[in-house]
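Work through the exercises below with the model open. Try each task before reading its solution.

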Amino acid sequence: MKTSGAGRRLAWVVVFVGVFAASASFAEAQLLLRDDFIGTGNVNPTVWRLPFGSEGTFVGRTQFRGNPATDMPQEGIVEPLASDGKVAEIKLDTYSPIDPGNQFLGTDLLTKRNFARGGGLTFEARMRLKPTTVGGLVDGFFLFDVTRENPPGTLVRDEIDFELLSNQAVGAAANDPFTNYWNDEPFSDPGEGQFSDVAGVDLTQFQNYKVEWTPQHMKWYVNNQLIRTATTNVPDDPMKLHFNLWAPGSDFADAYNAALQPAATQGANQTYAVQVDHVEVNRINTTTSANLLSDPSFEVGTLVNLTPTNGGTRDQWLKFNNVFIEPDDIGGIDPSVPDMAPDGVFMAKMFGPFSGGPNASGLVQNVVATPGEQFEARAKALTAAGDSIAGKQNYNTVAISFLNASGNVIETAPFVPVNGKDFPLLDGRDPNMPQDLFVEGVVNAIAPAGTVSARISLFFLQLNNEGGASWFDDVSLMRLTPNVVTVPGDYNNNGIVDAADYSKWRDNLGAATEASINNNGDGGGVTASDYTYWKTRFGNTSGAGAGSVTAAVPEPASMLLVSVAILSSMFLYRPNRSVL
């Protein structure tokens, strides 16, 4: 659970997620994120961020806020109906100073980390549309990712949505939640949208919205009541979690309200809000490996220069430019603070190459990998007040990319890694960036075809010839393996006993063996007894039993797009590019 703002300042290590085991099989849920939004001031900037850029992104008729200095949503807002009496508010204003009278100013809040599916994930939020009589608003709670082009030149997305439409909450409307999803679909595709009739639900009162996402299915729940199941075209890419509030155009007819128009002056502004009581993410049915890295905390301290001939070398740290190993009591770290290293005594210190223009320093390590494997990378980074990057155009990331048999990063185009992902750890341009605190970054990625190695990269990017340094420690790269979960009577092995299993039985009735149907019970051929076996188990399912999520909006490229331009001429660095 996230601490208050004061508590975060007192802590030396910012813990981004829940408790993790180094190597364990999680038969029960493994907590990845829990936020009750009970702090004071802005939501936790080590967990949450806005879209990049001073003007954010645009969707429908709505410009999203993008300035972390002034636009981060507030938490700890008193709300007696919340379970703990406090909420975060995601807001939309009818007046936008960017284009008055022509667009709204909304909010898109997203996690800095992404979440790989593994054997399954559940996402849950207790939230509501703050009571209003205005139609035309869309409250999104959703998973989203866009990282590839298919065909080249056409961006495609993975997404799983829960959307609360204020058109459904005013007058005599039905108060039906809206769900949708995409799997590698272009933005022109409308997805698989569906309204669900949930008796007694009021979208302007707090409800629990949850989605269960496994390799076999997606299930959407409201207050633990299953409202929808989908078993085809299931998304598979790691995705970030979003909350947003926006006003669509007429192309989203079910959510559009022609009477809701942007205000031309600040005095005419109206503010609307979504209140979020809490959010929680859990991993299910997944085994997490032990740390795959050699010397993950730099206690051995052996660094080898990265060159074209050793770029595919595995199981050792390869460095480029200014990277050094230091004990935790020297090198500019505040001497009044003992034992700064989160793990062991030594840390890796990085700073810019001071080459007269944009450049980078960094560390990489490669491990054995095969196509389809899922990986999770973690790293902690700190900038010390005595040698800070605050206020400077320096930043750092932890990234995953994948190598082919030639030791080259697998790319769709120069410096565009296939399935590569990154996490922005510390950014000197961010006014909310902490100093003298280790911030942990987490990033997930899936190995594409042709993979023989997975690579973790720690980057320090220097846009100008400015000083400041960062220290890295406690780095890990782990493999996520889905557990085999069987459901008796699930003849097509999609995680639920449903009508499709009856079709599977009917199409194979009379077969001499039961090899043609999965998860049968009595042996022998496919007979009438297998029908009874299916019928008595109808509705049974795998997983932890719940799920929710919503909304879709493309987002601009990550910080690493900037680093691509910086490093495009450097043979020793193949940067990871993704849309965050």
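Gln 207 is buried, with 9% relative accessible area; buried means under 20%, exposed over 50% and partly exposed in between, using a 1.4 Å probe and protein chains only. The model is predicted, so local features need pLDDT of at least 70 and side-chain atom pairs pLDDT 80 or more, while totals for chains, interfaces and linings use all residues. Residues are numbered from 1 along each chain as its sequence is written, and side-chain values use heavy atoms, without hydrogens and water.

**Exercise 1.** Place Gln 207 in its strand and list its polar contacts and neighbours.

Solution.
- Step 1: Find the element. Gln 207 belongs to strand 16, residues 207-213. Strands (E, at least two residues) and helices (H or I, at least four) are DSSP runs numbered from the N terminus.
- Step 2: Look for polar contacts. These are pairs of N or O atoms within 3.5 Å; within protein, one must be able to donate a hydrogen and the other to accept it, and residues adjacent in sequence count only if both atoms are side-chain atoms. The side chain of Gln 207 meets the side chain of Asn 223 at 2.8 Å. A polar atom of the Gln 207 side chain also lies 3.0 Å from the backbone oxygen of Asp 202.
- Step 3: List contacts, meaning heavy atoms within 4.5 Å. Leaving out residues up to four places away in sequence, Gln 207 touches Ala 125, Arg 126, Met 127, Val 201, Asp 202, Val 222 and Asn 223.

**Exercise 2.** Count the aromatic pairs, then classify Phe 324 with Phe 351.

Solution.
- Step 1: Apply the rule. Rings of Phe, Tyr and Trp (its six-membered ring) pair if their centres lie within 6.5 Å; planes under 30 degrees apart are stacked, over 60 edge-to-face, the rest tilted. The count is 19 aromatic pairs.
- Step 2: Classify. Phe 324 and Phe 351 are stacked, at 5.8 Å centre to centre and 20 degrees between the planes.
- Step 3: Locate both rings. Phe 324 is in strand 24 (residues 323-327) and Phe 351 in strand 25 (residues 346-351), so the pair ties together parts 27 residues apart in sequence.
- Step 4: Check exposure. Phe 324 is partly exposed at 38%. Phe 351 is partly exposed at 22%.

**Exercise 3.** Classify the pair Tyr 531 and Trp 534, and compare the burial of its members.

Solution.
- Step 1: The pair is tilted, with 5.6 Å between centres and 45 degrees between planes.
- Step 2: Tyr 531 and Trp 534 both lie in helix 3 (residues 528-535), 3 residues apart, about one turn of the helix.
- Step 3: Tyr 531 is partly exposed at 29%, whereas Trp 534 is buried at 9%.
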